[in-house]
Amino acid sequence: MRVLLINPYSGGYYYRLGAVYPPLGLMYISSSLKRKGHSVALIDMNVEKFDLERFNFRDYDVVGISADTVRFPVVERIAKKAKAQNVTVVMGGPHATAYYHEILQKGLCDYVVLGEGERAFSDLVESIASNEKYPLIPGVAYMKDGEVIALPSRFLENLDDLPFPDREKVHLYRTKFAGERATSLITSRGCPFNCEFCSASQFMGRRIRWRSIENVIDELKILKKLGYGSVIFFDDNFTINPKRVVNLCEEMMRKDLRFKWWAFSRADELLGREDMVEAMSKAGCRMLFIGFESANDEVLEEYGKNLKSDIAFDVMKLLKKYKVDVFASFVIGALKDTRKTIEKTVKFAKKLKASIVQFSILTPYPGTALFEKLKHLIFEKDWRKFDGTHLVFKHPNFSPKELRRLFIKAYYAVYTSPRLIFRRGIPFLVRLLFYREAYFL
């Protein structure tokens, strides 16, 4: 079968700042399909030209499109163009998984793959090749006789069974971290926490599944041969198993796999685990992304973070000792937020002295507990506004305009501090503030 996989253009904040990483999900699907002998082409609209109006979808038997919420309008356009050329269209990704009933009832695609796609998509393509229109495949949904048919998705138990991501087009990516050419990988799937605004635990499950250390090391060897000097571990929670992290770091050093890298963590997983932080630092960790979210414990409780704000400074002290920078993330606009609590969070963010600070406006993404809680208050119909920079629901304390002003003000307050101007440089500051004003005002 001839399969086309498309990663839609994002145009988001990170893209405009030059942080473009390859679509790991589609790359895993591509390598899984190739393993079964199918012909696969993968187009990433973020790094290569794609003329939707003139593209000939008839060259393919199946078109698979990755769909998250903010990019869904682009996904919809691609799907309609492909279906107009009588090509079988499959959607997958977080938004498609959460909204598959509506997507199928509107006839936007023929099938939706729910959750993890490697096994379900491969089985679906095999069925299509056999002219089986209504296959009973776990994790595949479709319309039959006017009804939506969907078998529950299943999670892959042994991640080592997956082939490594298809990196055929690695030459198209120019992202750097710590001065080195950078790419991404994952060593686990799933997250046991259930933060109200996050869909990770719904999409990947709350039970963590880990790749073996040997399997991760084998992929790192490949990345080193491909010329990468930096990697980003995109696990939802890289540091949840300290013993495993230490073992991985020791093995990276033993194999002389020298990378500069960063990963995602939680503040409460670092305190009392200095041995892990030390091992990470020695193995090349240069930064951790940590969701501090708020300076207010009532807000953290609302978010379901299950931690206290006062540990943040002890975490910063520990990481500073081992020269690990912090990418600090905050979410403003909780139902319990007021102007005073947001101002407190901004002052808190400045006082932390993190290398990078990100603010987002609370957004109820489909598939999250927050969406179910607030769906009766959502007034915004344009999915493009679900980008973490717009208020999309009726808030008890803020109008959209008021919250956006506080959002912009938060960035100015942090990034116009002399410390960050000196550290990040004037060009970074100008670029960041220009994009913020041009896009958000």
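## Helix H6 on the sheet

Helix H6 (residues 118-129) lies across S1, S3, S4, strand S5 (111-113) and strand S6 (140-144). H6 runs at about 155 degrees to S5. Helices (H or I, at least four residues) and strands (E, at least two) are DSSP runs, numbered from the N terminus. Contact means heavy atoms within 4.5 Å. Axes are lines fitted to C-alpha atoms, for helices over the stretch in contact; angles run from 0 to 180 degrees between N-to-C directions.

This is a predicted model: local features need pLDDT of at least 70, side-chain atom pairs count only at pLDDT 80 or more, and totals for chains, interfaces and linings use all residues. Residues are numbered from 1 along each chain as its sequence is written, and side-chain values use heavy atoms, without hydrogens and water.

## The sheet

Seven strands form an open sheet in the order S2-S1-S3-S4-S5-S6-S7, with mixed pairing (at least two DSSP bridges). Its edge strands, S2 (39-44) and S7 (147-150), each pair on one side only. Neighbouring strands are turned by 20 degrees against each other on average, direction ignored.

S3 (residues 62-66) and S4 (residues 88-92) run parallel, joined by five bridges. Val 63 stands opposite Val 89 in S4.

## Helix H3

H3 (residues 72-84) lies across strand S1 (2-7), S3 and S4, at about 165 degrees to S4. Phe 72, Val 75, Ile 78, Ala 79 and Ala 82 of H3 are buried (under 20% relative accessible area, 1.4 Å probe, protein chains only). Seen down the axis of H3, these buried residues fall within an arc of 120 degrees, so they line one face of the helix. Their cover includes S1, S3, S4, helix H4 (94-98) and helix H5 (100-105).

Terms used. Buried < 20%, exposed > 50% of the residue type's maximum accessible area, 1.4 Å probe, protein only. Arc of directions from axis to C-beta.
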